[in-house]
Amino acid sequence: MKKLIFLAAIGVVALFTISAVNNTENQLTKDFIFGDANIASISSLSFGPEGILFLGDSKQATVFALDTKDVVVNAEGAKINVGDFDAKIAASLGTTADQVRITDMAVNPISKNVYFSVNVTDGTPVLLRLKGEGFENVSLKEASYSKIALTDPIAVDAEDRRGRSQRVWAIADMKYHKGTIMVSGLSNKEFGSTFRSIPFPFKNTQDYASLEIYHAAHGKYETHAPIKTFDVINMEGKDYLMASYTCTPLVLFPMEELKGGKHLKGRTVAELGAGNSPLDMISFEKEGKPFFLMSNTNRAVMRLDYDTIANFKETLTEPVTDFGVATGVEYVSLPMVNVLQLDNLDASNVVYLQRTASGEMVLRTRPTKWM
(Lines give C-alpha, C1' and ligand atoms only; values in the text may rest on other atoms or scores of the structure.)
Protein backbone atom coordinates (compact mmCIF):
# COMPACT_ATOMS: atom_id res chain seq x y z
CA MET A 1 0.00 0.00 0.00
CA LYS A 2 2.79 2.44 0.93
CA LYS A 3 4.43 1.74 -2.42
CA LEU A 4 1.20 2.51 -4.27
CA ILE A 5 0.75 5.76 -2.32
CA PHE A 6 4.37 6.70 -3.05
CA LEU A 7 3.97 6.02 -6.77
CA ALA A 8 0.73 7.99 -6.82
CA ALA A 9 2.49 10.90 -5.14
CA ILE A 10 5.27 10.80 -7.74
CA GLY A 11 2.62 10.86 -10.48
CA VAL A 12 0.97 13.94 -8.97
CA VAL A 13 4.33 15.74 -8.66
CA ALA A 14 5.17 14.85 -12.28
CA LEU A 15 1.83 16.18 -13.48
CA PHE A 16 2.34 19.43 -11.58
CA THR A 17 5.88 19.72 -13.00
CA ILE A 18 4.70 19.14 -16.59
CA SER A 19 1.86 21.59 -16.03
CA ALA A 20 4.27 24.20 -14.67
CA VAL A 21 6.62 23.77 -17.65
CA ASN A 22 3.75 23.95 -20.13
CA ASN A 23 2.37 27.01 -18.37
CA THR A 24 5.77 28.73 -18.58
CA GLU A 25 6.03 27.92 -22.27
CA ASN A 26 2.48 29.15 -22.87
CA GLN A 27 3.17 32.40 -21.05
CA LEU A 28 6.30 33.06 -23.09
CA THR A 29 4.89 32.10 -26.49
CA LYS A 30 1.13 32.67 -26.15
CA ASP A 31 1.28 35.78 -28.33
CA PHE A 32 3.56 34.25 -30.97
CA ILE A 33 2.26 33.96 -34.51
CA PHE A 34 3.15 31.38 -37.14
CA GLY A 35 4.28 32.22 -40.64
CA ASP A 36 6.91 34.17 -42.54
CA ALA A 37 8.81 36.37 -40.09
CA ASN A 38 9.99 38.60 -42.97
CA ILE A 39 13.43 39.08 -41.46
CA ALA A 40 15.59 41.34 -43.63
CA SER A 41 18.96 40.80 -41.94
CA ILE A 42 20.48 39.11 -38.88
CA SER A 43 23.18 41.05 -37.08
CA SER A 44 22.98 39.50 -33.62
CA LEU A 45 21.77 36.34 -31.83
CA SER A 46 21.01 35.62 -28.17
CA PHE A 47 19.22 32.74 -26.48
CA GLY A 48 16.61 33.29 -23.81
CA PRO A 49 14.57 30.73 -21.83
CA GLU A 50 12.79 27.66 -23.23
CA GLY A 51 14.77 27.52 -26.45
CA ILE A 52 13.67 30.99 -27.55
CA LEU A 53 16.22 32.63 -29.83
CA PHE A 54 16.35 36.41 -30.21
CA LEU A 55 17.45 37.74 -33.59
CA GLY A 56 18.48 41.34 -34.17
CA ASP A 57 17.54 42.74 -37.59
CA SER A 58 19.44 46.01 -38.09
CA LYS A 59 17.92 46.71 -41.50
CA GLN A 60 14.44 46.85 -39.97
CA ALA A 61 15.67 47.92 -36.50
CA THR A 62 13.58 45.09 -35.08
CA VAL A 63 14.15 42.32 -32.53
CA PHE A 64 12.54 38.96 -33.28
CA ALA A 65 11.88 36.16 -30.78
CA LEU A 66 11.89 32.76 -32.47
CA ASP A 67 10.54 29.60 -30.83
CA THR A 68 13.12 27.01 -31.94
CA LYS A 69 11.33 24.21 -30.02
CA ASP A 70 14.85 22.94 -29.37
CA VAL A 71 14.31 21.96 -25.73
CA VAL A 72 15.75 18.45 -25.31
CA VAL A 73 18.10 18.81 -22.34
CA ASN A 74 21.79 17.98 -22.71
CA ALA A 75 24.11 18.58 -19.77
CA GLU A 76 27.20 18.58 -21.98
CA GLY A 77 27.87 19.64 -25.54
CA ALA A 78 29.65 17.47 -28.08
CA LYS A 79 33.28 18.18 -28.89
CA ILE A 80 33.60 20.16 -32.13
CA ASN A 81 36.48 20.41 -34.60
CA VAL A 82 35.30 21.45 -38.04
CA GLY A 83 37.70 22.78 -40.67
CA ASP A 84 36.94 24.85 -43.80
CA PHE A 85 33.92 26.06 -41.90
CA ASP A 86 32.88 28.96 -44.13
CA ALA A 87 33.28 26.79 -47.23
CA LYS A 88 31.03 24.13 -45.69
CA ILE A 89 28.39 26.68 -44.78
CA ALA A 90 28.52 28.09 -48.31
CA ALA A 91 28.27 24.61 -49.85
CA SER A 92 25.19 23.89 -47.73
CA LEU A 93 23.61 27.00 -49.25
CA GLY A 94 24.69 26.20 -52.80
CA THR A 95 27.21 29.01 -53.08
CA THR A 96 30.86 29.85 -52.35
CA ALA A 97 32.59 31.15 -49.22
CA ASP A 98 33.09 34.64 -50.68
CA GLN A 99 29.31 34.99 -50.99
CA VAL A 100 28.47 34.45 -47.30
CA ARG A 101 29.19 36.31 -44.08
CA ILE A 102 28.75 34.71 -40.67
CA THR A 103 27.38 37.48 -38.47
CA ASP A 104 26.89 35.75 -35.12
CA MET A 105 26.92 32.46 -33.23
CA ALA A 106 24.86 31.36 -30.20
CA VAL A 107 24.63 28.14 -28.20
CA ASN A 108 21.25 26.95 -26.96
CA PRO A 109 21.92 26.49 -23.21
CA ILE A 110 19.30 23.71 -23.04
CA SER A 111 20.24 21.45 -25.96
CA LYS A 112 23.84 22.71 -26.43
CA ASN A 113 23.13 23.02 -30.16
CA VAL A 114 25.14 25.74 -31.93
CA TYR A 115 23.33 28.25 -34.17
CA PHE A 116 24.77 30.62 -36.78
CA SER A 117 23.34 33.65 -38.53
CA VAL A 118 24.53 34.09 -42.09
CA ASN A 119 23.91 36.93 -44.51
CA VAL A 120 24.29 35.97 -48.18
CA THR A 121 25.51 38.68 -50.54
CA ASP A 122 22.19 38.63 -52.40
CA GLY A 123 20.63 39.94 -49.16
CA THR A 124 19.14 36.68 -47.91
CA PRO A 125 19.42 36.14 -44.13
CA VAL A 126 19.85 32.50 -43.08
CA LEU A 127 19.71 30.76 -39.71
CA LEU A 128 21.63 27.48 -39.44
CA ARG A 129 22.00 24.85 -36.73
CA LEU A 130 25.17 22.76 -36.59
CA LYS A 131 24.62 19.02 -36.99
CA GLY A 132 27.87 17.07 -36.89
CA GLU A 133 29.94 18.69 -39.62
CA GLY A 134 26.81 19.68 -41.55
CA PHE A 135 23.96 22.11 -41.06
CA GLU A 136 20.20 22.23 -40.66
CA ASN A 137 18.37 25.22 -42.06
CA VAL A 138 16.10 26.75 -39.41
CA SER A 139 13.13 28.11 -41.32
CA LEU A 140 12.39 31.81 -41.05
CA LYS A 141 9.51 31.45 -43.50
CA GLU A 142 7.54 28.93 -41.45
CA ALA A 143 8.32 30.08 -37.93
CA SER A 144 6.65 30.68 -34.59
CA TYR A 145 7.74 34.18 -33.59
CA SER A 146 7.00 37.57 -32.09
CA LYS A 147 8.75 40.86 -32.76
CA ILE A 148 9.20 44.42 -31.57
CA ALA A 149 10.48 47.41 -33.54
CA LEU A 150 12.99 49.70 -31.83
CA THR A 151 11.85 53.23 -31.14
CA ASP A 152 13.87 56.02 -32.74
CA PRO A 153 16.56 53.90 -34.42
CA ILE A 154 19.34 55.52 -36.38
CA ALA A 155 18.11 56.54 -39.83
CA VAL A 156 18.31 54.11 -42.74
CA ASP A 157 20.45 56.55 -44.75
CA ALA A 158 22.71 57.69 -41.89
CA GLU A 159 26.44 57.67 -42.71
CA ASP A 160 29.64 58.36 -40.81
CA ARG A 161 32.21 60.91 -41.92
CA ARG A 162 33.77 58.31 -44.22
CA GLY A 163 30.47 57.70 -45.98
CA ARG A 164 29.87 54.27 -44.40
CA SER A 165 26.34 53.21 -43.48
CA GLN A 166 25.57 53.52 -39.79
CA ARG A 167 22.27 51.63 -39.99
CA VAL A 168 24.21 48.38 -39.44
CA TRP A 169 24.71 49.59 -35.84
CA ALA A 170 21.00 49.95 -35.10
CA ILE A 171 21.58 46.65 -33.26
CA ALA A 172 25.23 46.10 -32.36
CA ASP A 173 24.88 43.44 -29.66
CA MET A 174 22.11 41.71 -27.68
CA LYS A 175 21.83 39.59 -24.53
CA TYR A 176 18.90 38.18 -22.59
CA HIS A 177 19.09 38.97 -18.87
CA LYS A 178 16.53 38.60 -16.09
CA GLY A 179 13.40 38.80 -18.24
CA THR A 180 14.62 41.48 -20.64
CA ILE A 181 16.44 41.51 -23.94
CA MET A 182 19.21 44.10 -23.73
CA VAL A 183 20.23 45.83 -26.96
CA SER A 184 23.16 48.13 -27.68
CA GLY A 185 23.33 50.29 -30.78
CA LEU A 186 22.69 53.71 -32.26
CA SER A 187 19.54 55.82 -32.17
CA ASN A 188 18.55 59.01 -33.96
CA LYS A 189 18.76 60.99 -30.70
CA GLU A 190 21.20 63.83 -30.04
CA PHE A 191 23.45 61.38 -28.18
CA GLY A 192 23.40 58.41 -30.53
CA SER A 193 24.99 55.70 -28.37
CA THR A 194 21.98 53.94 -26.84
CA PHE A 195 21.29 50.99 -24.54
CA ARG A 196 17.79 49.51 -24.59
CA SER A 197 15.99 47.17 -22.19
CA ILE A 198 12.97 45.39 -23.67
CA PRO A 199 10.77 43.24 -21.41
CA PHE A 200 9.97 39.79 -22.75
CA PRO A 201 7.35 38.62 -23.68
CA PHE A 202 7.12 41.74 -25.84
CA LYS A 203 4.41 44.20 -24.77
CA ASN A 204 5.21 47.14 -27.04
CA THR A 205 7.17 48.74 -24.21
CA GLN A 206 10.89 49.43 -24.12
CA ASP A 207 13.23 51.53 -22.01
CA TYR A 208 16.47 53.20 -22.95
CA ALA A 209 19.35 55.37 -21.84
CA SER A 210 21.83 57.37 -23.91
CA LEU A 211 25.49 56.85 -23.06
CA GLU A 212 28.65 58.89 -22.72
CA ILE A 213 32.16 57.56 -22.15
CA TYR A 214 35.67 58.90 -21.73
CA HIS A 215 37.75 57.35 -24.50
CA ALA A 216 41.35 57.43 -23.29
CA ALA A 217 42.88 56.47 -26.66
CA HIS A 218 41.09 59.44 -28.25
CA GLY A 219 41.55 61.73 -25.23
CA LYS A 220 37.95 62.92 -25.19
CA TYR A 221 34.36 62.19 -24.15
CA GLU A 222 32.19 60.50 -26.78
CA THR A 223 28.44 59.95 -27.22
CA HIS A 224 28.10 58.50 -30.72
CA ALA A 225 30.10 55.26 -30.63
CA PRO A 226 27.93 52.17 -30.10
CA ILE A 227 28.77 49.48 -27.56
CA LYS A 228 30.21 46.74 -29.78
CA THR A 229 29.91 43.92 -27.23
CA PHE A 230 28.92 43.67 -23.58
CA ASP A 231 28.20 41.46 -20.60
CA VAL A 232 26.81 41.90 -17.09
CA ILE A 233 29.00 41.86 -13.99
CA ASN A 234 27.67 41.78 -10.42
CA MET A 235 29.75 43.75 -7.91
CA GLU A 236 28.81 44.33 -4.28
CA GLY A 237 25.30 43.06 -4.95
CA LYS A 238 24.63 45.35 -7.93
CA ASP A 239 24.52 44.51 -11.64
CA TYR A 240 26.69 46.57 -13.97
CA LEU A 241 26.80 46.66 -17.72
CA MET A 242 30.39 45.97 -18.78
CA ALA A 243 30.67 47.52 -22.22
CA SER A 244 33.47 47.42 -24.76
CA TYR A 245 33.85 49.89 -27.61
CA THR A 246 36.00 50.21 -30.70
CA CYS A 247 39.60 51.24 -29.99
CA THR A 248 39.12 49.68 -27.06
CA PRO A 249 37.73 51.29 -23.86
CA LEU A 250 36.07 49.09 -21.23
CA VAL A 251 33.31 50.95 -19.39
CA LEU A 252 30.97 50.16 -16.48
CA PHE A 253 27.39 51.44 -16.15
CA PRO A 254 25.06 50.64 -13.19
CA MET A 255 22.19 48.62 -14.67
CA GLU A 256 19.60 50.17 -12.37
CA GLU A 257 20.28 53.59 -13.91
CA LEU A 258 20.06 52.52 -17.56
CA LYS A 259 16.43 53.53 -17.98
CA GLY A 260 13.98 56.37 -18.26
CA GLY A 261 15.67 58.03 -21.22
CA LYS A 262 18.52 59.19 -18.96
CA HIS A 263 21.83 60.35 -20.31
CA LEU A 264 24.43 58.39 -18.37
CA LYS A 265 28.19 58.82 -18.15
CA GLY A 266 30.02 55.54 -17.65
CA ARG A 267 33.12 54.76 -15.60
CA THR A 268 36.01 53.91 -17.90
CA VAL A 269 38.05 51.22 -16.16
CA ALA A 270 40.42 50.22 -18.94
CA GLU A 271 41.92 51.22 -22.23
CA LEU A 272 42.73 47.90 -23.90
CA GLY A 273 44.54 49.30 -26.91
CA ALA A 274 43.88 51.53 -29.89
CA GLY A 275 43.63 50.19 -33.45
CA ASN A 276 41.34 47.38 -32.35
CA SER A 277 37.65 46.54 -32.16
CA PRO A 278 36.04 44.02 -29.77
CA LEU A 279 34.05 41.22 -31.36
CA ASP A 280 32.55 39.06 -28.61
CA MET A 281 32.44 38.79 -24.83
CA ILE A 282 31.44 35.90 -22.56
CA SER A 283 31.80 34.99 -18.88
CA PHE A 284 32.83 31.63 -17.47
CA GLU A 285 34.10 29.98 -14.30
CA LYS A 286 37.51 28.43 -13.83
CA GLU A 287 38.35 26.61 -10.58
CA GLY A 288 35.33 28.28 -9.00
CA LYS A 289 36.38 31.83 -9.97
CA PRO A 290 34.56 34.00 -12.54
CA PHE A 291 36.37 35.35 -15.59
CA PHE A 292 35.49 37.14 -18.82
CA LEU A 293 36.80 36.46 -22.32
CA MET A 294 36.84 39.04 -25.10
CA SER A 295 37.82 38.38 -28.73
CA ASN A 296 39.12 41.20 -30.91
CA THR A 297 39.89 42.21 -34.48
CA ASN A 298 43.56 43.11 -33.87
CA ARG A 299 44.40 41.58 -30.49
CA ALA A 300 44.54 38.11 -29.01
CA VAL A 301 41.64 36.86 -26.91
CA MET A 302 41.76 38.71 -23.59
CA ARG A 303 40.98 37.10 -20.25
CA LEU A 304 39.81 39.47 -17.54
CA ASP A 305 39.64 38.41 -13.90
CA TYR A 306 36.43 39.30 -12.06
CA ASP A 307 38.36 40.25 -8.91
CA THR A 308 40.67 42.57 -10.87
CA ILE A 309 37.67 44.43 -12.28
CA ALA A 310 35.78 44.53 -8.97
CA ASN A 311 38.83 45.84 -7.09
CA PHE A 312 39.57 48.60 -9.60
CA LYS A 313 37.95 51.72 -8.13
CA GLU A 314 39.47 54.36 -10.38
CA THR A 315 38.10 56.14 -13.44
CA LEU A 316 40.28 56.83 -16.46
CA THR A 317 40.14 60.53 -17.32
CA GLU A 318 43.57 61.17 -18.85
CA PRO A 319 44.48 60.48 -22.48
CA VAL A 320 46.72 57.59 -23.51
CA THR A 321 49.13 59.22 -25.95
CA ASP A 322 51.19 56.18 -26.98
CA PHE A 323 49.43 54.23 -29.73
CA GLY A 324 48.24 50.76 -28.71
CA VAL A 325 49.25 51.08 -25.05
CA ALA A 326 46.82 49.59 -22.52
CA THR A 327 46.08 50.98 -19.08
CA GLY A 328 43.61 50.47 -16.23
CA VAL A 329 42.24 47.00 -15.52
CA GLU A 330 44.86 44.40 -16.39
CA TYR A 331 44.20 41.41 -18.64
CA VAL A 332 45.93 38.28 -19.89
CA SER A 333 46.45 37.72 -23.62
CA LEU A 334 45.65 34.11 -24.45
CA PRO A 335 47.45 32.29 -27.29
CA MET A 336 44.35 32.59 -29.48
CA VAL A 337 44.21 35.14 -32.29
CA ASN A 338 41.68 35.95 -35.03
CA VAL A 339 38.81 34.54 -32.95
CA LEU A 340 35.64 35.81 -34.60
CA GLN A 341 32.92 34.36 -32.33
CA LEU A 342 32.79 32.98 -28.79
CA ASP A 343 30.13 31.29 -26.67
CA ASN A 344 29.78 28.96 -23.71
CA LEU A 345 29.11 25.42 -24.90
CA ASP A 346 28.51 24.05 -21.39
CA ALA A 347 29.85 24.52 -17.86
CA SER A 348 33.32 23.25 -18.82
CA ASN A 349 33.82 24.17 -22.48
CA VAL A 350 33.84 27.14 -24.83
CA VAL A 351 33.11 27.00 -28.56
CA TYR A 352 34.86 29.47 -30.87
CA LEU A 353 35.08 30.37 -34.54
CA GLN A 354 38.59 31.28 -35.68
CA ARG A 355 40.46 32.27 -38.82
CA THR A 356 43.81 30.48 -38.67
CA ALA A 357 47.16 31.80 -39.91
CA SER A 358 46.72 29.75 -43.09
CA GLY A 359 43.42 31.48 -43.81
CA GLU A 360 41.24 28.49 -42.92
CA MET A 361 38.13 29.14 -40.84
CA VAL A 362 37.67 26.56 -38.08
CA LEU A 363 35.05 25.88 -35.43
CA ARG A 364 36.43 24.28 -32.27
CA THR A 365 35.71 23.64 -28.63
CA ARG A 366 38.18 24.22 -25.81
CA PRO A 367 37.96 23.34 -22.10
CA THR A 368 37.69 26.40 -19.85
CA LYS A 369 40.55 25.04 -17.73
CA TRP A 370 42.81 25.91 -20.68
CA MET A 371 41.38 29.40 -21.07
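Contact here means heavy atoms within 4.5 Å. With that in hand, let's walk through this predicted model, one selection at a time.

**Stop 1: Arg196**

Select Arg196, which sits in strand S13 (residues 193-199). Show its surroundings: leaving out residues up to four places away in sequence, Arg196 touches Leu150, Thr151, Asp152, Pro153, Ile181, Met182, Val183, Leu186, Ser187, Gln206, Asp207 and Tyr208. Which side chain of opposite charge is nearest to Arg196? It is Asp152, 6.3 Å away, and the buried Arg196 has no salt bridge. Look instead at the backbone oxygen of Thr151, which the Arg196 side chain reaches at 2.7 Å.

**Stop 2: Thr223 and the open sheet**

Next, pick Thr223 in the loop between strand S15 (220-222) and S16. Is Thr223 buried or exposed? Its relative accessible area is 14%, so Thr223 counts as buried. Beyond its neighbours within four places in sequence, Thr223 contacts Phe191, Gly192, Ser193, Leu211, Glu212 and His263.

From that loop, move on to the sheet that contains S16. Five strands form an open sheet in the order S16-S17-S18-S20-S24, with antiparallel pairing. Strand S16 (229-235) and strand S24 (327-328) are the edges; each has a single partner strand, so one side of each has no neighbour in the sheet. Seven bridges pair S16 with strand S17 (residues 238-244) in the antiparallel sense. To see the register, select Thr229 together with Ser244 in S17, which stands opposite.

**Stop 3: S23 and its two partners**

Now colour strand S23 (residues 302-305) by side chain. Met302 and Leu304 point one way, Arg303 and Asp305 point the other, and all are buried. On one pairing, strand S22 (residues 289-296) runs antiparallel to S23 over four bridges, and a hairpin of five residues joins S22 to S23. Leu293 has Arg303 as its bridge partner there. Another pairing, also antiparallel, is made by two bridges between S23 and strand S25 (residues 332-333); here Met302 stands opposite Ser333.

**Stop 4: the nonpolar cores**

Select Phe85, Ile89, Ile102, Val114, Phe116, Leu130 and Leu363: these have the most contacts inside the largest nonpolar core, which has 22 residues. The elements that give two or more residues to this core include helix H2 (85-92), strand S6 (100-107) and strand S28 (361-367). Centre the view on Phe116, whose contacts beyond four places in sequence include Leu45, Met105, Val126 and Leu128. A second, separate core of 20 residues includes Ile52, Ala65, Leu150 and Phe202.

**Stop 5: salt bridges**

How many salt bridges does a search of the whole structure find? There are 16. Three are worth displaying in turn.

- Asp31 and Lys203 have their closest N and O atoms 3.6 Å apart. Asp31 lies in the loop between helix H1 (2-29) and strand S1 (33-35) and Lys203 in the loop between S13 and strand S14 (207-215), so the pair ties together parts 172 residues apart in sequence.
- Lys141 and Asp36 also form a salt bridge, with the closest N and O atoms 3.6 Å apart. Lys141 is exposed at 58% relative accessibility, while Asp36 is partly exposed at 29%.
- Lys289 pairs with Asp307 in a salt bridge, with the closest N and O atoms 3.8 Å apart. Lys289 is in strand S22 and Asp307 in helix H3 (residues 306-310), 18 residues apart.

To finish, add Lys30 to the selection of Asp31 and Lys203: salt bridges that share partners join these residues into one network.

Key:
Residues are numbered from 1 along each chain as its sequence is written. This is a predicted model: local features need pLDDT of at least 70, side-chain atom pairs count only at pLDDT 80 or more; totals for chains, interfaces and linings use all residues. Side-chain values use heavy atoms; hydrogens and water are left out. Two strands pair if DSSP finds at least two bridges between them. A nonpolar core is a set of buried Ala, Val, Leu, Ile, Met, Phe, Trp, Tyr and Cys residues joined through side-chain atoms within 4.5 Å. Buried means under 20% relative accessible area, exposed over 50%, partly exposed in between (1.4 Å probe, protein chains only). Lys and Arg count as positive and Asp and Glu as negative; His and the chain ends are not counted. A salt bridge is a side-chain nitrogen of Lys or Arg within 4 Å of a carboxyl oxygen of Asp or Glu. A polar contact is a pair of N or O atoms within 3.5 Å; within protein, one must be able to donate a hydrogen and the other to accept it, and residues adjacent in sequence count only if both atoms are side-chain atoms.
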